Amino acid sequence: MQMPMFFEWSFDTIVLFEQLHVQNPAAYFVLCLVLIAICILKQYLVLQQVLLVGSRGKIVLETLLYITHTSIGYGLMLVCMTFNAGLFVTTMIGLAIGHFLFPPVTFEVGSTSPSQSSYYQLSLLFIEVATQGTYTVSLHFILEC
């Protein structure tokens, strides 16, 4: 089976590995449900990793969360690169559900404690962690309305 170079709607697709060859609608539906669950898990891990930023003694856990959600993200990118339109749409829906269930973390200006807000999203450009006896977090962001 040759990989298409354009989006197609088909139940017959190979996802990530040759052994994961979906050929019928029932298996395709199960695959879509699993993809949605993986997308939601990814968004949950992103939130947990951001909440741990600057936590004293939890740098290893934060790093493991970062590696895990980044690896999942690259896997989801490869699923989208199969050019199966149904899997692409499913991935986008799953990420949207995850984003809705685990909204972005916002930081009040001058504060290092996160709060969740549905009114404003602060896009973090970068997080600078300085260690001088205690952990401090300096945030630089853009306010998006």
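What follows is a walk through how the helices of this structure pack, with stops at a few residues along the way. Keep in mind that this is a predicted model.

Let's start with helix 1, which covers residues 25–52, and helix 3, which covers residues 85–101. Two packed helices are described by the angle between their axes and the distance between the axes. Here the axes come within 8 Å and cross at roughly 35 degrees, and the crossing of helix 1 past helix 3 is right-handed. On the helix 1 side, the contact is made by Tyr28, Leu31, Cys32, Leu35, Ile36, Cys39, Ile40, Lys42 and Gln43. Helix 3 answers with Gly86, Leu87, Thr90, Thr91, Gly94, Leu95, Ile97, Gly98, His99 and Leu101. Sort these residues by class and you get 11 nonpolar, 7 polar and 1 charged.

Glutamine 43 is a good residue to click on here. It sits in helix 1, and its relative accessible area is 15%, so it counts as buried, the cut-off being under 20%. Leaving aside residues up to four places away in sequence, glutamine 43 touches Leu95, Gly98, His99 and Phe102.

Now turn to helix 2, residues 59–80. The axes of helix 2 and helix 3 also come within 8 Å, and they cross at roughly 150 degrees. Leu76, Val79 and Cys80 of helix 2 meet Leu87, Phe88, Thr91, Met92 and Leu95 of helix 3. By class, this contact has 7 nonpolar residues, 1 polar and no charged ones.

Which residues does threonine 91 touch? Not counting residues up to four places away in sequence, the list is Leu35, Cys39, Leu76, Val79 and Cys80. Threonine 91 itself lies in helix 3, and its place in both contacts is easy to trace: it is listed in the contact of helix 1 with helix 3 and again among the residues where helix 2 meets helix 3. With a relative accessible area of 1%, threonine 91 is buried.

Two of the neighbours of threonine 91 are cysteines, Cys39 and Cys80. Why is there no disulfide between cysteine 39 and cysteine 80? Their sulfurs are 7.8 Å apart, and a disulfide needs the two sulfur atoms within 2.5 Å, so the distance is too far for a bond. For each of these cysteines, the other one holds the closest cysteine sulfur. The structure as a whole holds 0 disulfides. Both residues are buried: cysteine 39 has a relative accessible area of 0%, and cysteine 80 has 13%.

Last stop: the aromatic rings. The structure has 4 aromatic pairs. One of them joins phenylalanine 7 and phenylalanine 83, with 5.5 Å centre to centre and 70 degrees between the planes, which makes the pair edge-to-face. Phenylalanine 7 lies in the segment before strand 1 (13–14), while phenylalanine 83 is in the loop between helix 2 and helix 3, so the pair ties together parts that are 76 residues apart in sequence. Neither ring residue reaches the buried class: phenylalanine 7, at 45% relative accessibility, is partly exposed, and phenylalanine 83 is partly exposed at 23%. Phe7 and Phe83 also belong to one aromatic cluster with Phe88. That brings you back to the helices, as Phe88 is one of the helix 3 residues that meet helix 2.

How values were computed: Residues are numbered from 1 along each chain as its sequence is written. This is a predicted model: local features need pLDDT of at least 70, side-chain atom pairs count only at pLDDT 80 or more; totals for chains, interfaces and linings use all residues. Side-chain values use heavy atoms; hydrogens and water are left out. Axes are lines fitted to C-alpha atoms, for helices over the stretch in contact, and angles run from 0 to 180 degrees between N-to-C directions. Helices (H or I, at least four residues) and strands (E, at least two) are DSSP runs, numbered from the N terminus. A crossing is left-handed if the near helix is turned anticlockwise from the far one by less than a right angle, and right-handed if clockwise. Contact means heavy atoms within 4.5 Å. Ala, Val, Leu, Ile, Met, Phe, Trp, Tyr, Cys and Pro count as nonpolar, Asp, Glu, Lys and Arg as charged, and the others, Gly among them, as polar. Buried means under 20% relative accessible area, exposed over 50%, partly exposed in between (1.4 Å probe, protein chains only). Rings of Phe, Tyr and Trp (its six-membered ring) pair if their centres lie within 6.5 Å; planes under 30 degrees apart count as stacked, over 60 as edge-to-face and the rest as tilted.
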